[in-house]
Each structure stands twice: as C-alpha cells, then as structure tokens.
Amino acid sequence: MHPMNYKAALFDLDGVVIDTESQYSVFWGSQCRLYHPEIPGLENKIKGQTLTQIFDGWFSGDIAGEQPVITQRLNEFEAQMDYGYIAGFECFITELRNKGWKTAVVTSSNQIKMSSVYRQHPDFHKIFDAILTSEDFSASKPDPDCYLKAAHRFGLKPSECIVFEDSFNGLKSGRAAEMTVVGLSTTNSAEAISPLCDVVIPDYEGLDFEKFCEIVSASR
C-alpha cells in the first residue's frame with residue numbers, strides 16, 4: 001500500500017511518544033538489585049514487558065507477596081517522572097493530522113499513570129483521536145488485540161494502519177495484527193529490532209510527511 005493510502009497511526013507510549021525508558025531502567029534496576037542481586041542487569045532483560053509479565057517472570061513464587069509493594073513504589077515513581085516527548089514527535093504527529101490521518105496511543109500503561117502524563121501535557125488528548133490503555137484490552141502485547149481494537153475504533157482495516165513501537169513485544173503485536181510496523185531504536189538497537197519491523201527510525205527528528213512516505217514506500 002502506498003503511504004498516502006494509510007489512514008491511521010497507532011503509537012505505543014513509552015519510548016515512542018514519551019522518552020521514559022531510561023527512567024524505567026532506573027526504577028527496575030533498583031527493584032532487581034533488591035530482589036534479584038544474583039542477576040546483574042536484569043532490568044535490561046525486562047525492557048518493554050508489561051507489569052504482569054515482569055511479575056509473572058521474576059517476582060512470583062516466594063516473593064509474590066511483594067508485588068503490591070512494588071506496584072505502589074512504581075505508582076509513586078511514575079507520578080514523579082518526566083514525560084518529555086521523543087525528539088521530533090510533536091511536529092511529526094501534527095503533520096500526520098494535517099494530512100487527515102487518525103492518531104491513537106495504544107499502551108499497556110494504566111489510567112493511574114496516564115493521569116500523570118496528562119498533568120504534564122494538558123493538550124495530550126488534543127493530538128490523539130483515541131487513547132487506549134491496559135483497561136481496554138483483554139490480552140497484553142505481543143497479542144494483537146490492542147492494535148486490532150484501535151483499528152476497529154476507527155472503523156479501519158489493519159492494512160490501513162501503521163504501528164509505531166520500540167519494544168519486542170510491541171513490535172510482535174503490530175506484526176500479529178498484520179499492520180505495517182515502524183520500529184524506533186530508542187530502547188533496543190536498530191539491529192535487534194529490524195527483523196520485526198518494516199522500517200526502523202531513531203526518532204522523529206527531521207522526519208516530515210514527505211520523507212516518511214519515501215521511507216515507507218522503499219520498504220514495501
């Protein structure tokens with residue numbers, strides 16, 4: 001499909017819209033050192049996973065009772081985080097909307113966290129036609145449910161949507177939804193994510209609509 005025929009851009013949140021992944025590494029690094037000092041660098045292995053996946057994989061069994069404590073610490077941490085936009089994002093999404101594209105956030109984050117995002121960005125709702133959070137999905141990424149729900153929200157076919165993702169689970173979700181996938185190398189290297197993407201970009205800096213169309217066209 002030619003880029004001019006796409007109708008929606010579906011964005012993950014962390015590492016795609018807002019620059020938070022390094023901050024999460026700080027938080028999870030502290031928790032991993034506390035509960036799993038025997039696994040140095042564990043915070044790097046769990047990048048891009050949902051809270052449920054992290055708990056099931058690393059904080060279950062004998063330490064499952066610590067999950068509510070960790071969740072409270074995470075909520076408090078997220079309330080104090082800096083939610084700055086990924087470089088070039090605001091200009092890029094403005095161009096998409098000016099071309100008539102629908103835009104959505106499709107995130108595994110919950111409404112508690114999103115309230116912190118909205119406090120720092122009161123105009124956040126104005127740049128997206130839909131915001132889908134963990135409360136809206138029956139299955140987490142890499143399941144395609146979240147992106148299929150977003151397409152359905154707009155009355156579009158999967159082939160009419162482009163997914164923007166940075167994590168392995170998110171990229172797999174976009175692939176499973178049979179959508180065109182743009183990977184951002186903000187969290188993982190371009191080499192690592194490229195097998196799961198149609199296009200890889202470092203961020204949105206200098207990426208106007210025409211250049212974006214050229215990049216996507218070259219990948220088809």
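Is Glu178 buried or exposed? In this predicted model, Glu178 counts as exposed, because its relative accessibility is 65% and the exposed class begins over 50%. The residue sits in the loop that links helix 8 to strand 5, just after helix 8. Its backbone also deserves a look: Glu178 is not a glycine, yet its phi is positive, at about 60 degrees. Most residues other than glycine have a negative phi, and most peptide bonds are trans. The second half of that general pattern has its own exception here, since the peptide bond from Lys141 to Pro142 is cis, with omega near 20 degrees. Pro142 belongs to the loop between strand 3 (residues 130-132) and helix 7.

Helix 8 itself, which spans residues 168-176, offers a contrast to the exposed glutamate that comes after it. Within this helix, Asn169, Gly170, Leu171, Ser173 and Gly174 are buried. Several elements contribute to covering them, including helix 3 (51-58), helix 7 (145-154) and helix 9 (190-193), together with strand 4 (161-165) and strand 5 (180-184).

From here the description moves to the interior. In soluble globular proteins, nonpolar side chains tend to be buried together. The largest nonpolar core of this model holds 48 residues, and the members that touch the most others are Phe11, Val17, Trp28, Phe124, Phe128, Phe164 and Tyr204. Helix 1, covering residues 21-35, gives the most to this core, with five residues. A second core, separate from it, has 17 residues, among them Ala8, Leu10, Ala151 and Leu156.

Three of the well-connected members of the largest core can be followed in turn. Val17 is placed in the loop between strand 1 (8-11) and helix 1. Why does Val17 count as buried? Its relative accessible area is 0%, and buried means under 20%. Leaving aside neighbours within four places in sequence, Val17 is in contact with Phe11, Asp12, Gly84, Tyr85, Ile86, Phe89, Phe124 and Phe128. Of these partners, Phe11, Phe124 and Phe128 are also named among the core members that touch the most others. Between the C-alpha atoms of Val17 and Met114, residues 97 places apart along the chain, the separation is 13 Å.

Phe164 is part of strand 4 and is likewise buried, with a relative accessible area of 0%. Not counting residues up to four places away in sequence, its contacts are Ala9, Leu10, Phe11, Asp12, Val16, Phe92, Tyr147, Val182, Leu184, Tyr204 and Phe212. The third member, Trp28, meets Glu43, Ile46, Leu51, Ile54, Phe55, Phe59, Ile70 and Leu74, again leaving aside its neighbours within four places in sequence.

Trp28 also takes part in the packing of helix 1 against helix 4. Two packed helices are described by the angle between their axes and the distance between the axes. For helix 1 and helix 4, the axes come within 11 Å and cross at roughly 155 degrees, so helix 1 is roughly antiparallel to helix 4. This crossing is right-handed. On the helix 1 side, the contact involves Gln23, Tyr24, Phe27, Trp28, Gln31, Leu34 and Tyr35, while helix 4 supplies Ile70, Arg73, Leu74, Phe77 and Glu78. Sorted by class, these are eight nonpolar, two polar and two charged residues.

Helix 4 (residues 67-80) has another partner in helix 6 (residues 111-120), and here the axes come within 9 Å and cross at roughly 15 degrees. Helix 4 is therefore roughly parallel to helix 6. The crossing is right-handed in this pair too. Asn75, Glu78 and Ala79 of helix 4 face Ile112, Lys113, Ser116 and Arg119 of helix 6 in the contact, a set made up of two nonpolar, two polar and three charged residues. Glu78 appears in the contact with helix 1 and again in the contact with helix 6.

Ahead of helix 6, in the loop that connects strand 2 (102-106) to it, lies Ser109. With a relative accessible area of 10%, Ser109 is buried. Apart from neighbours within four places in sequence, Ser109 is in contact with Leu13, Asp14, Met114, Thr133, Ser134 and Glu135. Ser109 and Leu51 are 58 residues apart in sequence, and their C-alpha atoms are 8.9 Å apart in space.

Technical notes:
Residues are numbered from 1 along each chain as its sequence is written. This is a predicted model: local features need pLDDT of at least 70, side-chain atom pairs count only at pLDDT 80 or more; totals for chains, interfaces and linings use all residues. Side-chain values use heavy atoms; hydrogens and water are left out. A nonpolar core is a set of buried Ala, Val, Leu, Ile, Met, Phe, Trp, Tyr and Cys residues joined through side-chain atoms within 4.5 Å. Buried means under 20% relative accessible area, exposed over 50%, partly exposed in between (1.4 Å probe, protein chains only). Helices (H or I, at least four residues) and strands (E, at least two) are DSSP runs, numbered from the N terminus. Contact means heavy atoms within 4.5 Å. Axes are lines fitted to C-alpha atoms, for helices over the stretch in contact, and angles run from 0 to 180 degrees between N-to-C directions. Angles under 35 degrees count as roughly parallel, over 145 as roughly antiparallel, 65 to 115 as roughly perpendicular and the rest as oblique. A crossing is left-handed if the near helix is turned anticlockwise from the far one by less than a right angle, and right-handed if clockwise. Ala, Val, Leu, Ile, Met, Phe, Trp, Tyr, Cys and Pro count as nonpolar, Asp, Glu, Lys and Arg as charged, and the others, Gly among them, as polar.
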